[in-house]
Amino acid sequence: MGVERWRRALPAAATALVVLGAAGCVGTPGAPEKPAGRPPASVAPSVARVCAKPAAGPTKAPAGAVKVDPAVVGDLAAQTRSHPAVTTFWLRPGKHRLEPDRYSQVVPKKGNRYLGAPGAVLDGRKTNQYAFGGRAGDVTIRHLTVQGFVAPHDEGVVNHDSADGWVIEHTTIQHNSGAGLMAGSRQRVRASCLRGNGQYGMNAYKDDGPLRDLVVEGNEVVANNRDDWERRRPGCGCTGGVKFWAVDGAQVRGNWVHGNRGAGLWADTNNNDFRIEDNVLEANDGAALIYEASYNAVIRKNAIRRNNWVEGRKNADRGDSFPFATVYLSESGGEPRIEARTDKIEIYRNVLENNWSGITLWENADRFCNSPANTSSGDCTLLVRDTDRCARPAIATAPLYADCRWKTQRVDIHHNRFVLDESVVECTVKCGRMAVLANYGTYPDWSPYQGERVAEAITHKQHNRWHDNVYLGPWTFVAHDPSRVLDFGQWQSAPYRQDTDSTLDPRAGG
């Protein structure tokens with residue numbers, strides 16, 4: 001799996017949450033939106049500074065809680081084994097340790113609660129792979145620091161087995177290998193610090209069933225992918241602050257996602273029905289947000305600044321003409337036939353300031369179900385569950401011709417503010433682009449999408465629209481394919497007719 005570039009088209013609710021601020025509060029799901037109005041001059045959600053100022057846990061054990069002694073190695077796991085479900089455990093101040101076997105871990109029972117006193121740390125000592133695992137649901141972890149575990153690549157330390165209904169609040173998960181945290185359905189991750197983990201802060205992946213109704217709210221996600229997995233495994237698409245896989249229904253709001261190596265937030269393959277709002281996404285090496293091979297989302301009222309400087313500059317320096325973007329939609333769009341709170345991807349009332357480029361809508365002509373060029377190996381769209389159906393001759397006719405593709409369609413980009421000061425970004429070329437494009441289809445030889453069919457569709461026929469935006473700075477626009485670089489007048493004129501009622505001041509800086 002992983003993000004598709006055009007050059008790869010050939011085979012190969014807790015209290016004390018610091019969340020919503022001046023950008024506005026979250027409305028009732030499904031309620032009609034008020035008119036968007038003028039693009040905001042600024043977006044200023046309160047920054048979730050939970051790593052520097054974590055909320056303190058209870059100084060005394062709650063009534064009926066089991067007290068866990070840091071002086072006894074393995075006490076937390078042993079106490080969990082010897083007590084029934086729905087038990088509360090209070091971890092005394094100090095450094096708690098598991099038995100020294102690498103597979104030693106805490107296996108909670110249904111409804112267990114783990115509360116850390118101020119200064120309570122569960123330390124894997126670079127020996128244990130997992131902190132909390134097992135299939136028990138409705139487990140709560142609060143006010144605890146979890147650090148020093150060595151989960152393997154693509155695996156996680158907390159909720160290792162992606163059990164459902166877990167609540168992670170006011171918890172610091174830091175300096176672990178792999179992912180700090182995995183996710184299950186109905187998981188709530190609030191007001192927590194996901195910092196300095198080797199691969200992801202959180203990997204929202206569940207291999208044995210659907211992952212639905214995920215809330216990620218008021219967290220600080222910083223400096224993850226410490227082990228630089230894209231360098232170790234080029235093209236793996238396996239890095240960033242938070243990665244989402246096949247999540248149906250997610251609220252991602254009020255988070256501060258910053259300083260991650262790679263993308264900040266990355267939704268990859270058959271995600272649906274996301275609300276990404278009131279976040280501050282800044283200074284990530286790669287894109288602030290990637291939404292890939294996925295469906296139906298609202299992306300609104302986010303402050304997005306100083307992202308993609310490292311990866312954007314690297315690609316420009318090597319002469320790559322692809323418009324690498326800060327918000328990147330790859331084979332993703334609105335689909336009314338898939339149930340969600342919206343039937344499009346709507347991007348509005350965001351401020352993007354001094355990033356390396358803006359928004360790119362991309363569709364790889366050679367990526368579809370059953371194609372060898374589909375990096376989401378074995379996966380098909382949510383409209384065609386049986387990959388083998390996407391074969392000739394049926395794929396060349398309706399409905400499979402349309403349904404075997406993840407399509408970038410029904411994307412509505414409006415009432416945003418795009419600011420670029422080249423002196424801040426320290427660039428003069430390729431850093432101020434907005435784009436809608438595809439590659440020339442070539443592969444495989446039985447593909448019905450060869451030639452310019454997909455490029456024509458994404459550019460002119462799939463209802464992708466910019467309007468009512470404000471641009472400050474030297475912006476250019478790319479349409480159809482990487483060679484078609486347009487000025488603002490050409491972008492607004494036939495045949496593209498984009499950015500109706502938008503304004504551009506090329507003299508303005510930051």
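Q: What is the average pLDDT of the chain in this predicted model, and what share of the residues score at least 70?
A: The model is predicted, and its chain averages a pLDDT of 92. Of the residues, 91% score at least 70.

Q: Where does pLDDT stay under 50?
A: Residues 1-35 have a pLDDT under 50 throughout. For this stretch the model has 101 contacts beyond four places in sequence.

Q: Why is Gly124 called buried?
A: Buried means under 20% relative accessible area. Gly124 has 0% relative accessibility, so Gly124 counts as buried. This residue is found in the loop between strand S5 (120-123) and strand S6 (140-142).

Q: Which residues is Gly124 in contact with, leaving aside its neighbours within four places in sequence?
A: Gly124 is in contact with Gln147, Gly148 and Phe149. In addition, the C-alpha atoms of Gly124 and Val150 are 7.5 Å apart in space, while the two residues are 26 apart in sequence.

Q: What puts the buried residues of helix H3 on the same side?
A: The buried residues of H3 (residues 309-317) are Gly312, Asn315 and Ala316. They cover an arc of only 100° around the axis, and therefore they lie on the same side of H3. An α-helix has 3.6 residues a turn, so residues three or four places apart point the same way. Just after H3, Gly319 takes a positive phi of about 85°.

Q: What makes the pair of Tyr205 and Trp245 edge-to-face?
A: By the rule for ring pairs, the count comes to 19 aromatic pairs. One of them is formed by Tyr205 and Trp245, with 6.4 Å centre to centre and 85° between the planes. Centres within 6.5 Å make a pair, and planes over 60 degrees apart count as edge-to-face. The values 6.4 Å and 85° meet these two cut-offs, and therefore the pair is called edge-to-face. The pair links distant parts of the chain, 40 residues apart: Tyr205 is in the loop between strand S14 (200-204) and strand S15 (211-217), and Trp245 is in the loop between strand S17 (240-244) and strand S18 (247-253).

Q: Why does Tyr205 count as partly exposed, and why does Trp245 count as buried?
A: Tyr205 has 36% relative accessibility, so Tyr205 counts as partly exposed. Trp245 has 12% relative accessibility, so Trp245 counts as buried. The cut-offs are under 20% for buried and over 50% for exposed, with partly exposed in between.

Q: How do you know that the charged end of Arg367 sits over the ring of Trp406?
A: The charged end of Arg367 is 5.6 Å from the ring centre of Trp406. The distance cut-off is within 6 Å, together with a position within 35 degrees of the ring normal. Likewise, Lys243 lies over the face of Trp266, at 4.0 Å from the ring centre.

Q: What makes strand S35 mostly covered?
A: Four of the five residues of S35 (residues 476-480) are buried.

Q: Which strands does S35 pair with, and in the parallel or the antiparallel sense?
A: With strand S32 (residues 433-438), S35 pairs in the parallel sense over five bridges; Thr476 is the bridge partner of Arg433. With strand S36 (residues 485-486), S35 pairs in the antiparallel sense over two bridges. Phe477 has Leu486 as its bridge partner in S36, and a hairpin of four residues joins S35 to S36.

Q: What makes S8 and S36 the edge strands of the open sheet?
A: Eleven strands form the sheet, in the order S8-S11-S14-S17-S20-S23-S26-S29-S32-S35-S36, with mixed pairing. Strand S8 (156-158) and S36 each pair on one side only.

Methods
Residues numbered from 1 in each chain as written. Predicted model: local features only at pLDDT ≥ 70, side-chain atom pairs only at ≥ 80, totals over all residues. Heavy atoms only, no water. Buried < 20%, exposed > 50% of the residue type's maximum accessible area, 1.4 Å probe, protein only. Arc of directions from axis to C-beta. Pairing = 2+ DSSP bridges. Phe/Tyr/Trp six-rings, centres within 6.5 Å; stacked < 30°, edge-to-face > 60°. pLDDT = per-residue confidence, 0-100. Contact = heavy atoms within 4.5 Å.
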